[in-house]
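Reader: I'd like to learn how to read a fold like a tutorial, one feature at a time. Can you walk me through this one?

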Amino acid sequence: IRNTLRYLLANLADFDPAVDLVERSRLEEVDRYILARYADVARRILRGYDDYDYGTIFQTLNLFITNDLSAVYADISKDRVYTFAARSRERRSAQTTMYLIADGLTRLLAPILSFTADELWRHLPGAREESVHLAVFPARADLDTLVDAELVERWDRLVAVRERVLAEIEPLRKNKQIGSSLQAKVVL
């Protein structure tokens with residue numbers, strides 16, 4: 001959890017939300033997908049807090065951060081963040097997404113990982129409360145605007161194909177037939 005959140009934070013070093021935030025309609029599709037997944041997760045977490053169901057809260061957070069953010073989104077977005085021009089719309093799209101998710105997750109983590117959340121809060125860009133513990137959870141109405149069931153369904157299929165392709169590529173890398181997955185050519 002800490003490493004993934006640190007990855008998000010590290011990619012916001014040159015990002016000022018007051019100036020660089022990309023409108024949601026102009027975000028890359030993969031960014032809209034992960035925001036839709038985040039919105040679903042955040043709504044489940046908020047229900048968990050309402051029900052005092054801390055096991056569900058932690059499991060939901062852990063699965064999202066480990067599977068969606070780390071294994072999928074960070075892997076897909078890293079080339080765009082590292083190689084595109086600093087002020088390009090594509091890079092700012094990824095940074096906008098990382099910022100929105102990092103800000104929201106920090107708020108949601110605060111009651112259960114208080115020191116980690118407070119540390120993250122101090123380093124997030126933009127104007128904010130002095131402590132995450134003085135901030136409110138993400139608003140349900142704001143989360144509802146991020147939901148897109150059709151987009152999630154389409155991208156879930158793409159992610160499933162990606163996982164199958166990566167499983168086929170891995171033996172080729174181990175046998176040194178290719179140096180990295182970027183050298184593979186996939187035909188579907």
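**Reading the model, from surface to core**

Author: Let's start at the surface: V161 is partly exposed, with a relative accessible area of 36%. Buried means under 20% relative accessible area, exposed means over 50%, and partly exposed is in between (1.4 Å probe, protein chains only). A note on the input: this is a predicted model, where local features need pLDDT of at least 70 and side-chain atom pairs count only at pLDDT 80 or more, while totals for chains, interfaces and linings use all residues. Residues are numbered from 1 along each chain as its sequence is written, and side-chain values use heavy atoms, leaving out hydrogens and water.

Reader: Which helix does V161 lie in?

Author: Helices here are DSSP runs of H or I with at least four residues (strands are E, at least two), numbered from the N terminus. V161 lies in helix α8, residues 149–174.

Reader: And which residues form a nonpolar patch on the surface?

Author: Patches take residues with over 30% relative accessible area and no salt bridge, joining like charges within 9 Å and nonpolar side chains (Val, Leu, Ile, Met, Phe, Trp, Tyr) within 5 Å. Areas come from the Shrake-Rupley method with a 1.4 Å probe, and for residues only the protein chains shown count as cover. In this model V161 joins V186 and L188 in such a patch, and together they have about 310 Å² of accessible area.

Reader: What about the rest of α8: which of its residues are buried?

Author: The buried residues of α8 are L151, V152, W155, V159, R162, V165 and I169. The cover over them includes α3 and α4; contact means heavy atoms within 4.5 Å.

Reader: How far does α8 reach from its first C-alpha to its last?

Author: The yardstick is 1.5 Å times one less than the number of residues. With 26 residues, α8 reaches 37 Å, close to the 38 Å expected. α3, with 22 residues, reaches 32 Å, close to the 32 Å expected. Look just past the ends, too: Y52, just after α3, takes a positive phi of about 55°, and K176, just after α8, takes one of about 60°.

Reader: On to the interior. Which residues touch the most other members of the largest nonpolar core?

Author: General idea: in soluble globular proteins, nonpolar side chains tend to be buried together. A nonpolar core is a set of buried Ala, Val, Leu, Ile, Met, Phe, Trp, Tyr and Cys residues joined through side-chain atoms within 4.5 Å. The largest core in this model has 50 residues, of which L8, Y38, F64, L69, I101 and L105 touch the most other members. Elements giving two or more residues to this core include α1 (2–10), α5 (89–109) and α7 (140–146). α3 gives the most, with 12 residues. As for L8, L69, M98, I101 and A102 are its contacts once residues up to four places away in sequence are set aside.

Reader: Is A42 buried or exposed?

Author: Buried: A42 has 0% relative accessibility. A42 sits in helix α3, residues 29–50, and touches L108 and L143, not counting residues up to four places away in sequence.

Reader: How far apart are A42 and T60 in space?

Author: They are 8.8 Å apart, C-alpha to C-alpha, and 18 residues apart in sequence. T60 is in helix α4 and is buried as well, at 9% relative accessible area. Under that same sequence filter of four places, T60 touches V41, R44 and I45.

Reader: Last feature, the charges. How many salt bridges does the structure hold?

Author: A salt bridge is a side-chain nitrogen of Lys or Arg within 4 Å of a carboxyl oxygen of Asp or Glu. The structure holds 22 of them. Take D75 and K78, whose side chains meet at 2.4 Å, N to O. D75 and K78 are separated by about one helical turn because they are 3 residues apart in helix α4. D75 is partly exposed at 32% relative accessibility, and K78 is partly exposed at 30%.

Reader: How far apart are the closest N and O atoms of E150 and R154?

Author: They are 4.0 Å apart. E150 and R154 both lie in helix α8, 4 residues apart, about one turn. E150 counts as exposed at 60% relative accessibility, whereas R154 counts as partly exposed at 29%.

Reader: Which residues are linked in a network of salt bridges?

Author: D14, D20, R91 and R92 are linked that way.
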